[in-house]
Protein chains: 2
Amino acid sequence: MSESASVVDVAARAGVSLGTVSNVLNRPDRVAPATRDRVMRAIQELGFVRNEAARQLRAGRSRTIGLVVLDVGNPFFTDLARGVETTAGKSGLSVVLCNSNDDDDRERHYLSLLQEQRAFGILITPVGKETAAIDAIRRTGTPVVLVDRGSNRRQCSVSVNDRVGGELAVAHLISLGHKRIGFVGGPLTINQVSERLAGARVAMEAAGLAEDALVVIETPRLDVASGRSTGAEIAAMPARRRPTAVFCANDLLALGLLQDTTQRHKSVPGDLAIVGYDDIEFAAAAAVPLTSVRQPRVQLGQAAMELLLEEASDADGHQHRQVVFEPELVIRESTTS
Amino acid sequence: MSESASVVDVAARAGVSLGTVSNVLNRPDRVAPATRDRVMRAIQELGFVRNEAARQLRAGRSRTIGLVVLDVGNPFFTDLARGVETTAGKSGLSVVLCNSNDDDDRERHYLSLLQEQRAFGILITPVGKETAAIDAIRRTGTPVVLVDRGSNRRQCSVSVNDRVGGELAVAHLISLGHKRIGFVGGPLTINQVSERLAGARVAMEAAGLAEDALVVIETPRLDVASGRSTGAEIAAMPARRRPTAVFCANDLLALGLLQDTTQRHKSVPGDLAIVGYDDIEFAAAAAVPLTSVRQPRVQLGQAAMELLLEEASDADGHQHRQVVFEPELVIRESTTS
DNA sequence: GGTTTGAAATGAAACCTTTCAGTTCCGTTG
DNA sequence: CAACGGAACTGAAAGGTTTCATTTCAAACC
């Protein structure tokens with residue numbers, strides 16, 4: 001009971017060879033119904049459970065795909081994960097959610113773990129720019145799809161046009177008459193952050209505003225706490241330098257900043273207009289409902305998984321594809337009173 | 001290059017036996033430094049990566065623990081997961097996060113998956129009451145710890161006293177003068193929900209309020225959307241039956257309800273006071289900062305993982321333990337103006 | 001009756017690691 | 001110089017599954 005039964009035990013009990021048991025498990029139609037039933041009964045009686053490790057060893061690769069994200073605490077990524085998981089499930093694959101937490105070491109750690117597990121494939125939002133480790137993995141034959149991050153032709157990727165997103169956000173603020181605008185986000189080494197910033201710059205330039213009219217406030221992380229501390233930083237600025245509107249690189253920052261600003265008894269958007277990014281579910285329920293740049297999170301996950309499956313199936317001459325979604329600005333009270 | 005090297009290849013290249021390679025990998029101190037270096041170099045040159053499947057097969061169990069939660073979209077569970085993961089990582093274990101999504105079938109599916117993977121252990125917040133499947137797993141020798149759920153002496157569990165939490169929440173509302181109080185949550189088959197409701201009833205009784213002064217509104221799920229639709233339901237009630245305050249079984253519901261209520265231009269807490277549960281990070285940043293019952297989420301995860309390790313180490317005569325944390329009421333503007 | 005055919009069942013080999021009893025080798029000791 | 005001891009290394013076995021070339025068997029055919 002405690003020691004689990006193997007196919008051999010099942011075979012013995014059913015009075016067949018172990019090959020037949022395997023056939024019952026994997027190609028039931030090739031086994032005579034009577035035999036099949038007998039084997040099934042033996043499986044029941046012995047409480048036989050397939051040993052996935054042995055299957056994997058034989059197959060050479062596992063049926064698990066790794067999804068490496070920057071922050072599981074960010075609803076953006078959990079929504080993404082849902083999309084991935086649903087699509088993966090349809091192909092009988094399971095998903096391991098790995099939280100790199102913006103940390104290079106953790107990312108490396110998870111990547112080597114996934115390699116040891118001979119992962120079926122990897123979906124990753126990389127921490128840094130360097131793709132050496134990822135290239136190495138791809139060279140071993142494991143399909144890799146970059147998520148929420150564009151790429152060159154050398155690899156598959158699924159992304160939302162972050163530059164356009166940044167542009168939309170800041171153009172919106174400019175159209176409301178703001179002239180001094182803050183950008184809150186970081187670390188700037190994260191690609192999405194720098195792209196959104198680049199988009200913001202494009203909007204500034206298009207409106208003929210000076211470069212230094214965009215005040216960049218770099219944060220250590222993209223979380224609520226960092227957003228809160230940004231509030232102090234902004235409040236401490238001399239009035240003539242202080243921005244009248246802020247574009248945050250994601251909603252967590254925006255919510256943190258919003259919370260802090262409200263606690264200082266400043267009005268949003270009166271004293272400070274705020275735009276977020278991602279349009280997570282909590283953005284609409286915020287102290288002041290948040291204007292945000294919406295990304296198709298679940299579809300992003302689905303598309304990523306589909307690309308991965310595609311890459312896994314046409315093993316050799318695979319043509320890498322880059323899927324790019326377009327973001328959408330959702331206007332709420334945090335910018336328009 | 002594409003085909004990965006095995007210990008045998010490494011051994012051949014380094015001119016040693018495969019046993020020595022294994023020793024370099026697992027007990028480096030038993031190998032002469034010179035040999036060790038030679039093997040290491042061979043590993044480097046061949047790009048050898050350990051095959052986890054083969055290790056598992058040999059070892060009989062994997063180094064993965066399964067964490068089965070009701071809803072990954074709920075920050076309560078992702079915070080919990082963080083606690084679990086940190087503690088697991090220290091012992092070289094990895095965590096697979098499984099989202100049962102309140103669904104019996106999905107739960108069953110994940111449990112059998114974890115069994116096939118010969119999981120090192122399982123942490124689970126079960127969907128229903130029935131523990132037949134879980135008992136069966138425990139009988140195979142896999143340690144199981146119930147999370148966010150008390151239990152009898154027959155199994156390990158980590159929980160927060162939900163009854164006390166419900167009592168705290170409703171006692172608070174009563175102390176503010178409310179006489180007709182709503183309870184929002186569901187499905188009631190979820191243990192945490194029914195316990196919190198039970199606590200609410202205790203508070204009502206203690207205050208000498210009639211049983212039917214507690215209006216129970218059962219929701220299909222514990223998410224923001226359900227919270228929003230509850231708003232309509234409450235608005236549609238005749239004024240004399242309509243509660244003046246509501247206790248929601250979790251913060252997602254509370255945030256949804258809050259959002260809907262605000263959109264109806266009703267004031268919170270003026271027209272409707274709201275208490276949530278979990279005190280997730282977004283509760284404080286809500287439209288009206290949310291009064292909520294705080295649970296030690298991260299510690300909960302840590303404690304669960306520690307219990308699991310404990311159960312895994314004293315294989316035989318393990319004494320099951322029940323760890324119960326006490327919740328804490330955090331009062332904010334959603335109840336006090 | 002003998003031969004052919006095809007479905008059904010068989011069982012050895014392969015997948016890769018870890019373990020452990022056994023061997024080798026070299027320096028020490030009596 | 002023989003015997004011993006211990007460190008270093010070896011290599012076979014085990015672990016459970018899947019695959020596939022082979023074998024078996026009964027029915028169909030000539």
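**DNA strand D**

Select DNA strand D in this predicted model, together with the residues around it. The residues of the surface near this strand divide into twelve nonpolar, ten polar and five charged. In total, 27 residues surround DNA strand D, and the closest are A:Ser6, A:Val7, B:Ser17, B:Gly19 and B:Thr35. Now colour the helices. Helix H1 (7–14), H2 and H4 of chain A, together with H2 and H4 of chain B, each supply at least two residues of this surface. Which helix gives the largest share? H2(A) does, with five residues.

**DNA strand C**

Select DNA strand C next. Here 25 residues surround the strand, the closest being A:Ser17, A:Gly19, A:Thr35, B:Ser6 and B:Ala54. By class, the residues of the surface near DNA strand C are ten nonpolar, ten polar and five charged. Helix H2 (18–26) and H4 of chain A each supply at least two of the residues, as do helix H1 (7–14), helix H2 (18–26) and helix H4 (52–59) of chain B. For this strand the largest share, five residues, comes from H2(B).

**The two protein chains together**

Display chains A and B side by side. A rotation of 180°, with 0.0 Å of shift along its axis, superposes chain A on chain B with an RMSD of 0.1 Å. This is the relation of a two-fold axis. To find the axis from chain A, select A:Ala287: of the residues of chain A, its C-alpha comes closest to the rotation axis, at 1.5 Å.

Proceed to the contact between the chains, which takes 38 residues from chain A and 38 residues from chain B. On the side of chain A that touches chain B, at least two residues come from each of helix H4 (52–59), helix H5 (75–90), strand E2 (94–99), helix H6 (104–116) and helix H11 (251–263). H4(A) gives the most to this side, with five residues. Sorted by class, the side of chain A that touches chain B has 19 nonpolar, 13 polar and six charged residues. Of the interface residues of chain A, 100% are also interface residues in chain B, so the copies meet through the same surface.

**Chain A as a whole**

Hide chain B and view chain A alone. Chain A has twelve helices and twelve strands. Its radius of gyration is 25 Å, well over the 20 Å that the globule rule gives for 337 residues, so chain A is more spread out than a compact globule. Along its principal axes, the C-alpha trace of chain A spans about 85 × 40 × 30 Å. Of its 337 residues, 49% count as buried. Among the contacts in chain A with a separation of 6 or more, 72% are between residues 24 or more positions apart.

**Helix H9 of chain A**

Select residues 191–206. At 1.5 Å a residue, the 16 residues of helix H9 of chain A should span 22 Å, and the end C-alpha atoms are 22 Å apart, which agrees. The buried residues of H9(A) include A:Asn191, A:Val193, A:Leu197, A:Ala200 and A:Met204. What do the buried residues of H9(A) pack against? Their partners are helix H8 (162–175), strand E6 (181–185), E7, strand E8 (245–248) and strand E9 (273–278) of chain A. Just after H9(A), A:Gly208 takes a positive phi of about 75°.

**A:Arg221**

Move to A:Arg221, in the loop between strand E7 (214–218) and helix H10 (224–235) of chain A. Is A:Arg221 buried or exposed? With 18 C-beta neighbours inside 10 Å, A:Arg221 counts as partly exposed. Leaving aside residues up to four places away in sequence, A:Arg221 touches A:Asp102 and A:Ser226.

**Backbone features in the loops**

Most residues other than glycine have a negative phi, and most peptide bonds are trans. The stops below concern other cases.

- Select A:Asn101, in the loop between E2 and H6 of chain A. Its phi is near 60°, a positive value in a residue other than glycine. With 17 C-beta neighbours inside 10 Å, A:Asn101 counts as partly exposed.
- Select A:Asp148, in the loop between strand E4 (144–147) and strand E5 (156–160) of chain A. A:Asp148 has a positive phi of about 60° although it is not a glycine. A:Asp148 is buried, with 26 other C-beta atoms within 10 Å.
- Select A:Val268 and A:Pro269, which are joined by a cis peptide bond with omega about 10°. A:Pro269 is in the loop between H11 and E9 of chain A.
- Restore chain B and select B:Val268 and B:Pro269, where a cis peptide bond has an omega of about 10°. B:Pro269 is found in the loop between helix H11 (251–263) and strand E9 (273–278) of chain B.

Notes. Residues numbered from 1 in each chain as written. Chains lettered and ligands numbered in written order. Predicted model: local features only at pLDDT ≥ 70, side-chain atom pairs only at ≥ 80, totals over all residues. Contact = placed C-beta atoms within 7 Å. Helix = DSSP H or I, 4+ residues; strand = E, 2+ residues; numbered from the N terminus. Nonpolar A, V, L, I, M, F, W, Y, C, P; charged D, E, K, R; others polar. Rg over C-alpha atoms; globule rule 2.2 N^0.38 Å. Buried ≥ 20, exposed ≤ 12 C-beta atoms within 10 Å, placed from the backbone. Near = placed C-beta within 6 Å. Least-squares fit on C-alpha atoms with pLDDT ≥ 70 in both. Expected span 1.5 Å × (residues − 1).
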